[in-house]
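Biologist: Before I rely on any of the labels attached to this model, I would like to hear the reasoning behind each of them. Could you take me through them?

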Amino acid sequence: HAKITKPSRFLYVKIHEPKKYGGNTGSCENLVEYLENENHDKEIGEGTMFFTTKGHDVSDLHVKHRVDSNHSKLCKDEAKFYMLTINPSAAELAHLSGSRAGTMEENLKTYTSLVMDEYAKQFDRELNGKPMEGKDLLWYAKIETERSYRPWDKAHIKTYAHNEGIKWKIKVKSSRLSTTDEKAVKGLKKEISNLEKKYIRNKEGTVILPHAKKDGVNYHMHVIVSRKDKTGRLKLSPLANSRGSKNVLNGKKVRIGFDRKAFVGNCETIFDKRFYYNRDLENS
């Protein structure tokens, strides 16, 4: 019998290392274009647009212009922006689809804004005498509905190698179907059928190969957030490790770094409280 992989049961919020999306010391153009991939095969007006705290239907050109214009006093080799992904599990998405709070898209946009509030909170900084909030950041997000297996995903490297080997063997045997006699063809078809049973598949039965589209409901969000806040006064890096201590900045004590563990844990709590989600401990 074919092997089956299990889907994630967890809400997964991640701040990505810049090398994963081509670096972040220059323009965000390549990242924005990557996030536009789902729109390439769609008709005008059918694609998904970027959104932010109070803005919806934001164009990719606007996102590139705003983020790339917010580099005041940053050196050439300094980070200019970061990327986050917010990945609800299948169970969480099913819960949102049945929520009375709004449509799936409305709920996901609301949750993304709450995540960015928590992101701002983790810096423990103030603007104009008030604790910084998500609305003080320059960020844009996009909801994506499709997901594919990434060629560089370490969790699937061995599976890819196994399935690519099976795929190659099937291709070789299939190429001989038109050049052999009827009896041999019957034997080849049986061999091909046996090989297909050896594929490693996901729970829906799809063969796991690089770039193959994943089955099921795959809503998730990508967020591009500028290194500088909207005013251009603060430099904010979520990759600066929190050391549990404080420094004096502009006459006030501020926490050093960003606590990524607390950020991710709090994002889960925010989801549960906002959408009345009863999370089992094993799915936490």
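Modeller: In this predicted model, Lys73 has a relative accessibility of 80%, and because exposed means over 50%, Lys73 counts as exposed. Lys73 is found in the loop between helix H2 (60–68) and E3, and its phi is near 65°, a positive value in a residue other than glycine.

Biologist: Why is His211 called exposed?

Modeller: The relative accessible area of His211 is 59%, and the cut-off for exposed is over 50%, so His211 falls in that class. His211 lies in the loop between strand E7 (200–202) and strand E8 (220–229), and it has a positive phi of about 75° although it is not a glycine.

Biologist: What makes Lys20 partly exposed?

Modeller: Lys20 has a relative accessible area of 48%, and since buried means under 20% and exposed over 50%, this value lies in between, and Lys20 is therefore partly exposed. Lys20 sits in the loop between strand E2 (12–15) and helix H1 (29–35), and together with Lys14, Lys19 and Lys154 it forms a positive surface patch.

Biologist: Which side chains of E2 are buried, and which are not?

Modeller: Val13 and Ile15 point to one face and are buried, whereas Tyr12 and Lys14 point to the other and are not. In a regular strand, side chains alternate between the two faces of the sheet.

Biologist: How do you know that E2 pairs with strand E3 (residues 81–87)?

Modeller: Pairing requires at least two bridges, and E2 and E3 have 4, in the antiparallel sense, so the two strands count as paired. Within E3, Ile86 is the bridge partner of Val13.

How values were computed:
Residues numbered from 1 in each chain as written. Predicted model: local features only at pLDDT ≥ 70, side-chain atom pairs only at ≥ 80, totals over all residues. Heavy atoms only, no water. Patch = residues over 30% accessible without salt bridge, like charges linked within 9 Å, V, L, I, M, F, W, Y side chains within 5 Å. Areas by Shrake-Rupley, 256 points an atom, 1.4 Å probe, with all protein chains shown as cover. Salt bridge = Lys/Arg side-chain N within 4 Å of Asp/Glu carboxyl O. Lys, Arg positive; Asp, Glu negative; His and termini not counted. Charge placed at Lys NZ, Arg CZ, Asp CG, Glu CD. Buried < 20%, exposed > 50% of the residue type's maximum accessible area, 1.4 Å probe, protein only.
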